[in-house]
Amino acid sequence: MPIVIEQLSHTYLPGSALAYPALSDITLTVSDGEFLGVIGHTGSGKSTLIQHFNGLLLPTSGSVHVDGLDTREKKLRKQIRSLVGMVFQYPEYQLFEETVERDVAFGPKNMGLDDAEAATRVSEALCLVGLDPAEFAEKSPFELSGGEKRRAALAGILAMRPKYLVLDEPMACLDPRGRREILALIESLRRDFGTGIVMVSHSMDDVAMYADRIAVLDKGSLYLVGSPEEVFSRGAELIEMGLNLPQATQLVRALRKRGVPIEHDYFRMDELTKELVGRWRHER
Amino acid sequence: MNANITLGQFLPGDSAVHRLDPRTKILLMVVYIAIVFVVKSLTVFLLPVVLLVVMFAFAHVPASYFFSSLKPMRWLLAFMFVINLFATTGDTILFQWKFIRLTQEALLQAAFMTLRLILLVAGTSILTLTTSPIALTDGLEKLMSPLRKLHFPAHELAMMMTIALRFIPTLMEETDRIQKAQMARGADFESGNIFQRAKSMIPVLVPLFVSAFRRADELAMAMESRCYHGGEGRTRMRELHFHWRDLTATLLLLLVLAGIVVWEKLPL
């Protein structure tokens, strides 16, 4: 069953002088095992939107249902939060326990799992993120490196075995290798466990590469939802919104300007590379 | 999360009160507090009440801010009222039931003390509502600077206050974020008894402290790399100047104080 968002509007501090409408009339569905990319300019409401996925924020009007469970029902909230894992920006800043093991176990313990089950989940999650439990379990989370901290924090959420994973810029401030590792992890979660992914990103290349569908937010409204082809074929509108095009699409445009006839609108670098290499071979 | 707290919140504007020199406003606040404490009878209380209304009007502060400045104090106010109601002795009994006794004197005293506290809180909130934190600490630094002769660290104290004020919203935001991140991992801050709730704050407090220290480090580094070396020989971008309006306001308030003292002494 999917996450269904219907006519969601959210206003911060409603009824006061500081009332600020952050989202208006958003209708969106995230299917099982789908990878939804969310893009939008700073202040377009991305963070507000994703906090509705597990009931951290509640709709001012409209509704959000996770597998049929209404996020407004207080009794269901714990269940919803174990279904939808939420990775905030810079998740490493939420580490607090004395050891990595205990920190990762925080979520499973809150779900009411016993120690044995929690321990299984911890080592499973640490393996998933590429931290060897034998080496890292007993370390203090504060003595890890930046990239390791982030992966430990991610493990803390994966240990809850969420059916959906919502990520707010999970690659921000990571070096290229860190980025690749996190992206590979997200991809493998989807492939091996069928986890549905919602990822907010400023990197057009990442969403172009991995997302099945892309939601474009602009000034608190859902401007457009569609496949990467559909979204990135509307380049002018995206640039108008302060967004950009994937590097591959930019390269295609630049090449066309120079008179290289490329018929297809590429948006993934790997596909474009294949095309260009093929062309080059053909010409030789 | 705590956006409804008015205490210590600045409301930007360009009213007569906003344009007063911060030093004037701090000193006038002292006079105002003196006025509120000098008043000993309920009838004379009319004067500071009128004064408060006039101040709110001149500052262009909506009346809603008056109520929201009192909101965080509501339990203290209620507590004060009840304590004074039953702890004051008197002869004119209005109501008696078993050991509970309500006298007219006590009722007056309770109303009196509560009103005094309301006037204090609402009056001082005008200072913070109309003075930006920067101006406020600038004013304090200037006022305290004569004490430097006695090796009192006026500049350092003012700088610490500026930084503390600057970081309140940042840390509030951070708390909110960390709290949400832990809630997403199933943390529960709302149920359980007081000890369980205090314990449930650990996952928020530890990261909050870690980040506060990190921010302090970064700020110190940023200040040093811009050659900050304390207040010695430091000039400022905006010098404070007294204007005629500062004099007018001071005279007006002193007049009210004098009026109240005289009124109190007169047999009415």
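Helices (H or I, at least four residues) and strands (E, at least two) are taken here as DSSP runs, numbered from the N terminus. The structure is a predicted model, in which local features need pLDDT of at least 70 and side-chain atom pairs count only at pLDDT 80 or more, while totals for chains, interfaces and linings use all residues. Residues are numbered from 1 along each chain as its sequence is written, and chains are lettered from A and ligands numbered from 1 in the order in which they are written.

A good place to start is helix H4 of chain A, residues 115-128. From its first C-alpha to its last, this 14-residue helix reaches 20 Å, close to the 20 Å expected at 1.5 Å a residue; the expected span is 1.5 Å times one less than the number of residues. Burial is judged by C-beta atoms placed from the backbone: a residue is buried if 20 or more other C-beta atoms lie within 10 Å of its own, exposed if 12 or fewer, and partly exposed in between. By this criterion A:Ala118, A:Arg121, A:Val122, A:Ala125 and A:Leu126 are buried in H4(A). Seen down the helix axis, these buried residues fall within an arc of 130 degrees, so they line one face of H4(A); the arc is that of the directions from the helix axis to the C-beta atoms. The face turned away from the buried side of H4(A) carries the exposed residues A:Ala116 and A:Cys127. The cover over the buried residues of H4(A) includes helix H3 (100-110), helix H5 (133-136) and helix H6 (146-158) of chain A, where contact between two residues calls for C-beta atoms, placed from the backbone, within 7 Å. After H4(A) comes A:Gly130, with a positive phi near 85 degrees.

Most residues other than glycine have a negative phi. Chain A nevertheless offers A:Asp67, which is not a glycine and has a positive phi of about 50 degrees. A:Asp67 sits in the loop between strand E4 (61-66) and strand E5 (69-70) of chain A, and is partly exposed, with 16 other C-beta atoms within 10 Å. A:Lys219, also not a glycine, has a positive phi of about 50 degrees. The loop that holds A:Lys219 runs between strand E9 (213-218) and strand E10 (221-226) of chain A, and A:Lys219 is partly exposed, with 15 other C-beta atoms within 10 Å.

A:Met204, in helix H8 (residues 204-210) of chain A, counts as buried with 24 C-beta neighbours inside 10 Å. Neighbours within four places in sequence aside, A:Met204 is in contact with A:Ile39, A:Asn244, A:Leu245 and A:Pro246. Of these partners, A:Asn244 is 40 residues from A:Met204 along the chain, yet their C-alpha atoms are separated by 6.9 Å.

Turning to chain B, helix H2 (residues 22-38) packs with helix H6 (residues 104-130) at an angle of about 170 degrees, their axes 10 Å apart. Axes are lines fitted to C-alpha atoms, for helices over the stretch in contact, and angles run from 0 to 180 degrees between N-to-C directions. H2(B) and H6(B) are therefore roughly antiparallel, given that angles under 35 degrees count as roughly parallel, over 145 as roughly antiparallel, 65 to 115 as roughly perpendicular and the rest as oblique. In this packing, B:Lys25, B:Met29, B:Tyr32, B:Ile33 and B:Val36 of H2(B) meet B:Arg116, B:Leu119, B:Leu120, B:Gly123, B:Thr124 and B:Leu127 of H6(B). The residues of this contact divide into seven nonpolar, two polar and two charged; Ala, Val, Leu, Ile, Met, Phe, Trp, Tyr, Cys and Pro count as nonpolar, Asp, Glu, Lys and Arg as charged, and the others, Gly among them, as polar.

H2(B) also packs with helix H11 (residues 244-265) of chain B, at an angle of about 10 degrees and with axes 10 Å apart. These two helices are therefore roughly parallel. Among the residues that meet are B:Leu28 and B:Ile35 of H2(B) and B:Leu253 and B:Ile260 of H11(B). The contact of H2(B) with H11(B) has 13 nonpolar, two polar and two charged residues.

The buried residues of H11(B) are B:Ala249, B:Leu253 and B:Ile260. They cover an arc of only 25 degrees around the axis, which puts them on the same side of H11(B). There they pack against H2 and helix H3 (46-58) of chain B.
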